[in-house]
Amino acid sequence: MIKLTLTVDPEVVRQAKAYAAKQQQSLSKLVENYLKSLSHTETVQAPPLTEAVAELSGMIGEKELKDAKDYSDFLQDKYQ
């Protein structure tokens, strides 16, 4: 193991220690697991696109995306 020194806001450390205690693990283990998850996400690659999906790629224009976003925002506001 390597010892690591970090500079972190005291309030963040307090909250992190409380969270780690609730999870029944040390703050060091919590940080280690988080750092492992970062390196894992970089190595995960999306599967290749199927031919059908590749053909559809780019068919939706900016206007359709804006309309879909507006509708999504409307639904989120409606059902909150």
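## A first look at a four-helix model

Of the 80 residues in this protein, 2% count as buried, where buried means under 20% relative accessible area, exposed means over 50%, and partly exposed is in between (1.4 Å probe, protein chains only). What you have here is a predicted model, so local features need pLDDT of at least 70 and side-chain atom pairs count only at pLDDT 80 or more, while totals for chains, interfaces and linings use all residues. Residues are numbered from 1 along each chain as its sequence is written, and side-chain values use heavy atoms, with hydrogens and water left out.

### The overall layout

The protein has four helices and zero strands, giving the pattern α-α-α-α when you read along the sequence. Helices (H or I, at least four residues) and strands (E, at least two) are DSSP runs, numbered from the N terminus. The accessible surface comes to about 7,900 Å², and 59% of that belongs to carbon and sulfur atoms. Accessible areas come from the Shrake-Rupley method with a 1.4 Å probe; for residues, only the protein chains shown count as cover.

### Between H1 and H2

Let's start with the loop between H1 and H2, which is where Gln 24 sits. Its phi is near 55 degrees, a positive value in a residue other than glycine. Most residues other than glycine have a negative phi. Gln 24 counts as exposed because its relative accessible area is 76%.

Ala 16 belongs to helix H1 and counts as partly exposed, because its relative accessibility is 22%. Ten residues separate Ala 16 from Ser 26 along the chain, and their C-alpha atoms are 9.7 Å apart.

### Salt bridges

How many salt bridges are there? The count comes to three, taking a salt bridge as a side-chain nitrogen of Lys or Arg within 4 Å of a carboxyl oxygen of Asp or Glu. Here they are, with the distance between the N and O atoms:

| Pair | N to O distance |
|---|---|
| Arg 14 and Glu 11 | 2.5 Å |
| Lys 29 and Glu 32 | 3.6 Å |
| Glu 32 and Lys 36 | 3.5 Å |

Arg 14 and Glu 11 both lie in helix H1, three residues apart, or about one turn of the helix. Arg 14 counts as partly exposed because its relative accessibility is 48%, and Glu 11 is partly exposed too, at 35%.

Over in helix H2, Lys 29, Glu 32 and Lys 36 are linked in a network of salt bridges. Lys 29 and Glu 32 are three residues apart in H2, so about one helical turn separates them. Glu 32 and Lys 36 are four residues apart in H2, again about one turn of the helix. Each member of the network is partly exposed: Lys 29 at 36% relative accessibility, Glu 32 with a relative accessible area of 25%, and Lys 36 with 48%.

### A nonpolar patch on the surface

Next up is a nonpolar surface patch of about 720 Å², made by Leu 4, Leu 6, Val 8, Val 12, Val 31, Tyr 34, Leu 35 and Leu 38. Patches are made of residues with over 30% relative accessible area and no salt bridge: like charges are joined within 9 Å, and nonpolar side chains (Val, Leu, Ile, Met, Phe, Trp, Tyr) within 5 Å. Which helix gives the patch its largest share? That's helix H2 (residues 27-43), with four residues. Tyr 34 is in helix H2.

### The largest pocket

Rolling a probe the size of a water molecule over the atoms shows where empty space is left. The largest pocket here has a volume of about 550 Å³. On a 1 Å grid over the protein atoms alone, a pocket is an open set of points where a 1.4 Å probe fits, with protein on both sides within 12 Å along at least five of seven lines; lining residues have an atom within 4 Å of a point. Grid points are joined across faces, edges and corners, and the volume is the space filled by probe spheres set on them.

The pocket is lined by 16 residues, and Leu 4, Leu 6, Leu 27, Ser 28 and Val 31 lie nearest its centre. Leu 4, Leu 6 and Val 31 are also among the makers of the nonpolar patch. Helix H1 (10-22) and H2 each supply at least two lining residues, with the largest share, six residues, coming from H2.

By class, the lining has eleven nonpolar, one polar and four charged residues. Here Ala, Val, Leu, Ile, Met, Phe, Trp, Tyr, Cys and Pro count as nonpolar, Asp, Glu, Lys and Arg as charged, and the others, Gly among them, as polar.
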